[in-house]
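The following exercises concern a predicted model. Each consists of a task and a solution that proceeds step by step.

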Amino acid sequence: MEQIAYVNGSFVPMSEAKVSILDRGFLFADGIYEVAAVLDGKLIDNASHLARLERSVGEIELALPESIERIQEIQRELVTRNNLVNGMVYLEVTRGADTGRDFAFPKGVKPTLVMFTSVKDIINAPSAKTGIGVITVPDLRWTRRDIKSVALLAQVLAKQAAAVAGAGEAWMIEDGKVTEGGSSSCFILTQDDVIVTRQNGSEILPGCTRKAVVALAEERQLRVEERAFTIEEALAAKEAFVTSATVFVQAVVTIDGKKVGNGKPGPMTDRLREIYVEFAKKTAV
């Protein structure tokens, strides 16, 4: 059965889901997106994603065409219509389609809102057991990475470099420090059992899964330090891992071909993954 998408007020077959070539998301990457995971037919940590959506659109003076409550209703409706058990719901809002291609914000244009689902078994992904390798690349992005913009060309190039290298992710480097992954937040576990992840700021996206994992770790009296770290620190660490809505907690076992720890997922990473999955299932809506 063909997947159902949502486009500006209508649920339509994916093959009929279309927006104007004058849409500013297409012409200028003038838009914001979010991705929420689905487990057992329920949305995971969705309130956090919708709060970040509100913040991001506010930062670029983009009005949502629907209320947050209505957006969540549409997300749930898409899950139901597509019989989605495990996977993701993608949503994007752009400034809409004007009559031409002017850089300044158009007036009287209604924002575009599109959503669709995809299937993914995040819990049982093979890489959850084996871990992934990452490569390092320069961070080529703009200075407002805290905004979840659809302008993802730098991340596309980073992820392509990782794919060519046979790696599962790329870690981006700026001024000798790790910022974040192409589509994930980065963590290490030091030799004295401190969980380290870069502090929030304009240099990185405030990851929803990152936020939850940090809170869950602190609730269990695990030591967490929010600061930048180097690749040298990561290679000297006991463990490394990434977090995102599409992988939850994922072990990193090599960096640029060099082993992290013993080259296998470590006990802390495995524990945090279990804790997060338990949290996700308990709070799903």
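**Exercise 1.** Identify the residues through which helices H6 and H8 meet, and classify the contact by residue type and by angle.

*Solution.*
Step 1. On the H6 side, the residues in contact are Thr209, Ala212, Val213, Leu216 and Ala217; they meet Leu272, Ile275, Tyr276 and Phe279 in H8.
Step 2. Sorted by type, the residues of this contact comprise eight nonpolar, one polar and no charged.
Step 3. Helix H6 spans residues 208–219 and helix H8 residues 267–283; they pack at an angle of about 105°, and their axes are 10 Å apart.
Step 4. Angles of 65 to 115 degrees count as roughly perpendicular, so H6 is roughly perpendicular to H8.

**Exercise 2.** Determine the strand order of the open six-stranded sheet, and state which helices pack on the sheet.

*Solution.*
Step 1. The order is E2-E1-E6-E5-E3-E4, and the pairing is antiparallel.
Step 2. Strand E2 (10–13) and strand E4 (42–43) are the edge strands, each pairing on one side only.
Step 3. Within the sheet, strand E3 (residues 31–39) pairs with strand E5 (residues 87–94) in the antiparallel sense over eight bridges. In this pairing, Gly31 stands opposite Thr94 in E5.
Step 4. Helix H2 (residues 46–59) packs on the sheet and touches E3, E4 and E5; its direction makes about 180° with that of E3.
Step 5. Helix H3 (residues 68–81) also packs on the sheet, touching strand E1 (4–7), E2, E3, E4, E5 and strand E6 (112–119). The direction of H3 makes about 35° with that of E6.

**Exercise 3.** Characterise the aromatic pairs Phe28–Phe103 and Phe248–Tyr276 by geometry, by location and by exposure.

*Solution.*
Step 1. The structure holds eight aromatic pairs. In one of them, the ring centres of Phe28 and Phe103 are 4.9 Å apart and the planes lie at 55°, so the pair is tilted.
Step 2. Phe28 belongs to helix H1 (residues 24–28) and Phe103 to the loop between E5 and E6, so the pair ties together parts 75 residues apart in sequence.
Step 3. Phe28 is partly exposed, at a relative accessible area of 21%, whereas Phe103 is exposed, at 61%.
Step 4. The pair of Phe248 and Tyr276 is likewise tilted, with 5.1 Å centre to centre and 55° between the planes.
Step 5. Phe248 lies in strand E14 (residues 248–255) and Tyr276 in helix H8; this pair links distant parts of the chain, 28 residues apart.
Step 6. Buried means under 20% relative accessible area. Phe248, at 0%, is therefore buried, and Tyr276, at 2%, is buried too.

Note on methods: Residues are numbered from 1 along each chain as its sequence is written. This is a predicted model: local features need pLDDT of at least 70, side-chain atom pairs count only at pLDDT 80 or more; totals for chains, interfaces and linings use all residues. Side-chain values use heavy atoms; hydrogens and water are left out. Two strands pair if DSSP finds at least two bridges between them. Helices (H or I, at least four residues) and strands (E, at least two) are DSSP runs, numbered from the N terminus. Contact means heavy atoms within 4.5 Å. Axes are lines fitted to C-alpha atoms, for helices over the stretch in contact, and angles run from 0 to 180 degrees between N-to-C directions. Angles under 35 degrees count as roughly parallel, over 145 as roughly antiparallel, 65 to 115 as roughly perpendicular and the rest as oblique. Ala, Val, Leu, Ile, Met, Phe, Trp, Tyr, Cys and Pro count as nonpolar, Asp, Glu, Lys and Arg as charged, and the others, Gly among them, as polar. Rings of Phe, Tyr and Trp (its six-membered ring) pair if their centres lie within 6.5 Å; planes under 30 degrees apart count as stacked, over 60 as edge-to-face and the rest as tilted. Buried means under 20% relative accessible area, exposed over 50%, partly exposed in between (1.4 Å probe, protein chains only).
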